Amino acid sequence: MKTIYDIDCLLYFLKIKRTDLLEELFNHIVISNKVFNSLNNPSIPDFIKDKLNDLVDKEFVKVEEISYNTKTFDIYYEIKNDHKNQVLGDGEASSIAIAIKNKGVVAYNNPNAIKDYLEKYDLRCITSEDIFNDLFKMGIISQKELEGFLEK
């Protein structure tokens, strides 16, 4: 099952310089072109942009374009313009749209903000905490490391 990352979840692993942990759990991850562009803007530190681009170059991170005149774009546009719910940014809306298209899992650290879409489209959401717990259960990180990551 594809895992589609929003900015916050992927950025956390990039900031702490531990994307190796993601590589332990996943064959690859998917981000939208909107997430990619946000993480490559000038306000983002170079070490984060460099690592992201390294992960793209080695095809661990796959960037999926949301093209006009596609069902994915229609869903993205609907989410972006749904003012009954919390207004979502490009990253969240595009991640949800791609997850819907791929019947994938959304990696997002604030599932309550997108719970209506999770329910409406029967999507599963994982958080950084879920990922760290899985890493611990698999013996990849220690109890001490787990506690340290969850404190940050």
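# Exercises on burial, ring pairs and packing

Asn-37 is partly exposed, at 47% relative accessible area (buried is under 20%, exposed over 50%, partly exposed in between; 1.4 Å probe, protein chains only). This is a predicted model: local features need pLDDT of at least 70, side-chain atom pairs count only at pLDDT 80 or more, and totals for chains, interfaces and linings use all residues. Residues are numbered from 1 along each chain as its sequence is written, and side-chain values use heavy atoms, without hydrogens and water.

**Exercise 1. Place Asn-37 in its element, and state how far its C-alpha atom is from that of Val-63.**

Step 1. Find the element. Asn-37 belongs to helix H3 (helices are DSSP runs of H or I, at least four residues; strands are runs of E, at least two; both are numbered from the N terminus).

Step 2. Take the distance. Asn-37 and Val-63 are 26 residues apart along the chain, and 9.9 Å separates their C-alpha atoms.

**Exercise 2. Classify the pair formed by the rings of Tyr-12 and Phe-132, then place both residues in the chain.**

Step 1. Count the pairs. The structure has eight aromatic pairs (Phe, Tyr or Trp rings, the six-membered one for Trp, with centres within 6.5 Å; planes under 30 degrees apart are stacked, over 60 edge-to-face, the rest tilted).

Step 2. Start with a sequence neighbour. Tyr-12 pairs with Phe-13 edge-to-face, at 5.8 Å between centres and 85° between planes.

Step 3. Turn to Phe-132. Its ring centre is 5.8 Å from that of Tyr-12 and the planes meet at 75°, so this pair is edge-to-face.

Step 4. Place the partners. Tyr-12 sits in helix H1 (residues 7–15) and Phe-132 in helix H8 (residues 128–137). The pair links distant parts of the chain, 120 residues apart.

Step 5. Check burial. Tyr-12 counts as buried because its relative accessible area is 16%. Phe-132 is buried too, with 1%. Phe-13 is also buried.

Step 6. Extend the network. Ring pairs join Tyr-12, Phe-13, Phe-132 and Phe-149 into a cluster.

**Exercise 3. Which element gives the most residues to the largest nonpolar core?**

Step 1. Define the core. The largest nonpolar core has 31 residues (buried Ala, Val, Leu, Ile, Met, Phe, Trp, Tyr and Cys joined through side-chain atoms within 4.5 Å).

Step 2. Find its hubs. Tyr-5, Leu-10, Leu-22 and Phe-132 touch the most other members.

Step 3. List the contributors. Elements giving two or more residues include H1, helix H2 (19–25), strand E2 (29–32), helix H4 (46–57), H8 and helix H9 (143–151).

Step 4. Rank them. H1 gives the most, with six residues.

Step 5. Inspect one hub. Beyond its neighbours within four places in sequence, Leu-22 is in contact (heavy atoms within 4.5 Å) with Tyr-5, Leu-10, Phe-13, Ile-29, Phe-60 and Ile-131.

Step 6. Look elsewhere. A second, separate core holds 22 residues, including Tyr-76, Ala-93, Ala-113 and Ile-114.

**Exercise 4. Describe how H1 packs against H4, and list the residues in the contact.**

Step 1. Choose the descriptors. Two packed helices are described by the angle between their axes and the distance between the axes.

Step 2. Read the values. H1 and H4 pack at about 105°, with axes 10 Å apart (lines fitted to C-alpha atoms, for helices over the stretch in contact; angles run from 0 to 180 degrees between N-to-C directions).

Step 3. Classify. H1 and H4 are therefore roughly perpendicular (65 to 115 degrees; under 35 is roughly parallel, over 145 roughly antiparallel, the rest oblique).

Step 4. Name the residues. H1 contributes Leu-10, Leu-11, Leu-14 and Lys-15. H4 contributes Phe-47, Ile-48, Lys-51, Leu-52 and Leu-55.

**Exercise 5. Are Glu-59 and Asp-122 buried or exposed?**

Step 1. Take Glu-59. This residue is in the loop between H4 and strand E3 (61–64). Its phi is positive, about 65°, although Glu-59 is not a glycine. Glu-59 counts as exposed because its relative accessibility is 53%.

Step 2. Take Asp-122. Its loop runs between helix H7 (115–120) and strand E5 (124–126). Phi of Asp-122 is near 50°, again positive in a residue other than glycine. Asp-122 is exposed, at 70% relative accessible area.

**Exercise 6. Locate Thr-3 and list its contacts beyond four places in sequence.**

Step 1. Locate. Thr-3 lies in strand E1 (residues 3–5).

Step 2. Assess burial. Its relative accessible area is 6%, so Thr-3 is buried.

Step 3. List the partners. With neighbours within four places in sequence left aside, Thr-3 is in contact with Phe-26, Ile-29, Val-30, Val-105, Ala-107 and Ile-126.
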